[in-house]
Amino acid sequence: MLMEGRRAAAARNVSSIQMLSVQPDTKPKGCAGCNRKIKDRYLLKALDKYWHEDCLKCACCDCRLGEVGSTLYTKANLILCRRDYLRLFGVTGNCAACSKLIPAFEMVMRAKDNVYHLDCFACQLCNQRFCVGDKFFLKNNMILCQTDYEEGLMKEGYAPQVR
């Protein structure tokens, strides 16, 4: 098995943000945020509306959405950045190794149906941490490095104990 990073929750209600150059010979468009004409060199198009770069902001953290990526998230009449959308509406779960809560916006590692904090994704016998691309093995719902897995196969009645 190859290790693969995933987000704890899949986001929905996603819209794209486009940065457009304002053509000097066109009539100025109205901003959906402040209702004033957009006379800047660039404008943003999102949610089928036009915005000043300063007016398209996350309702929670006030970050300028055109600067943090090409997507925004909407729910409950809120326009949000990805982090705040996941913090407010994402699914949380518990780490299979430490049983502590994993916030929806945090990077995780997955092995079959198990989800882990990045720091908890290590061999449960020798505590060796894995890097992206490293092989790991899942035996009796335990994550094992290749060495511990192979040593366990050589022993009769393999039943490793968690340290």
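Colleague: What makes strand 4 and strand 5 a hairpin?

Modeller: This is a predicted model, and in it strand 4 and strand 5 have two residues between them. The two strands pair in the antiparallel sense over three bridges. At least two bridges are needed for a pair, so three bridges are enough. In the turn, L47 has a positive phi of about 55 degrees.

Colleague: Which residue of strand 5 is the bridge partner of K45?

Modeller: The partner of K45 is Y50. Strand 5 covers residues 49-51.

Colleague: How do you know that strand 3 and strand 4 pair?

Modeller: Strand 3, residues 18-21, meets strand 4, residues 42-46, over four bridges in the antiparallel sense. The requirement is at least two bridges, so these strands count as paired. One bridge joins L20 to L43 of strand 4.

Colleague: What makes K29 count as a charge over the ring of Y50?

Modeller: K29 lies over the face of Y50, at 5.0 Å from the ring centre. The distance limit is 6 Å, so the value of 5.0 Å passes it.

Colleague: Why is the contact between E53 and R64 called a salt bridge?

Modeller: The closest N and O atoms of E53 and R64 are 3.9 Å apart. The cut-off is 4 Å, so the pair is counted. Both residues lie in the loop between strand 5 and helix 1, eleven residues apart, and the pair links distant parts of the chain.

Colleague: Are E53 and R64 buried or exposed?

Modeller: E53 has 23% relative accessibility and counts as partly exposed. R64, at 26%, also counts as partly exposed. Buried requires under 20% and exposed requires over 50%, so 23% for E53 and 26% for R64 fall in between.

Colleague: Which other residues form a salt bridge with R64?

Modeller: D54 does, with its closest N and O atoms 2.3 Å from those of R64. D54 and R64 are ten residues apart in the loop between strand 5 and helix 1. E67 meets R64 in a salt bridge too, at 3.0 Å from N to O. With a limit of 4 Å, both 2.3 Å and 3.0 Å qualify. Salt bridges that share partners join E53, D54, R64 and E67 into one network. The structure holds four salt bridges.

Colleague: Why is E67 not in the accessibility class of D54?

Modeller: D54 is at 45% and counts as partly exposed, whereas E67 is at 57% and counts as exposed. The boundary is over 50%, so the value of E67 passes it and that of D54 does not.

Colleague: What makes the pair of Y116 and F121 edge-to-face?

Modeller: The ring centres of Y116 and F121 are 5.3 Å apart and the planes stand at 65 degrees. Centres must lie within 6.5 Å, and planes over 60 degrees apart count as edge-to-face, so both values fit. Y116 and F121 are each at 1% relative accessibility and count as buried.

Colleague: How are the rings of F121 and F136 arranged?

Modeller: Their centres are 5.0 Å apart and their planes at 85 degrees, so this pair is also edge-to-face. F121 and F136 lie in the loop between strand 11 and strand 12, so the pair ties together parts that are 15 residues apart in sequence. Both residues are buried. Ring pairs link Y116, F121, F130 and F136 into a cluster. The count of aromatic pairs comes to six.

Colleague: Why is Q124 called buried?

Modeller: Q124 is at 15% relative accessibility. Buried means under 20%, so Q124 meets the condition. Q124 lies in the loop between strand 11 and strand 12, and its side chain reaches the backbone nitrogen of I143 at 2.8 Å.

Colleague: How do you know that C60 and C58 form no disulfide?

Modeller: The sulfur of C60 is 4.9 Å from that of C58, the closest cysteine sulfur, and this is too far for a bond. The limit is 2.5 Å. C60 is partly exposed, at 39%.

Colleague: What is the nearest cysteine sulfur to C145, and how far away is it?

Modeller: It is that of C123, 3.8 Å away, and C145 is in no disulfide. C145 is buried, with a relative accessible area of 3%. The count of disulfides is zero.

Technical notes: Residues are numbered from 1 along each chain as its sequence is written. This is a predicted model: local features need pLDDT of at least 70, side-chain atom pairs count only at pLDDT 80 or more; totals for chains, interfaces and linings use all residues. Side-chain values use heavy atoms; hydrogens and water are left out. Buried means under 20% relative accessible area, exposed over 50%, partly exposed in between (1.4 Å probe, protein chains only). A polar contact is a pair of N or O atoms within 3.5 Å; within protein, one must be able to donate a hydrogen and the other to accept it, and residues adjacent in sequence count only if both atoms are side-chain atoms. A salt bridge is a side-chain nitrogen of Lys or Arg within 4 Å of a carboxyl oxygen of Asp or Glu. Rings of Phe, Tyr and Trp (its six-membered ring) pair if their centres lie within 6.5 Å; planes under 30 degrees apart count as stacked, over 60 as edge-to-face and the rest as tilted. A charge sits over a ring if NZ of Lys or CZ of Arg is within 6 Å of the ring centre and within 35 degrees of the ring normal.
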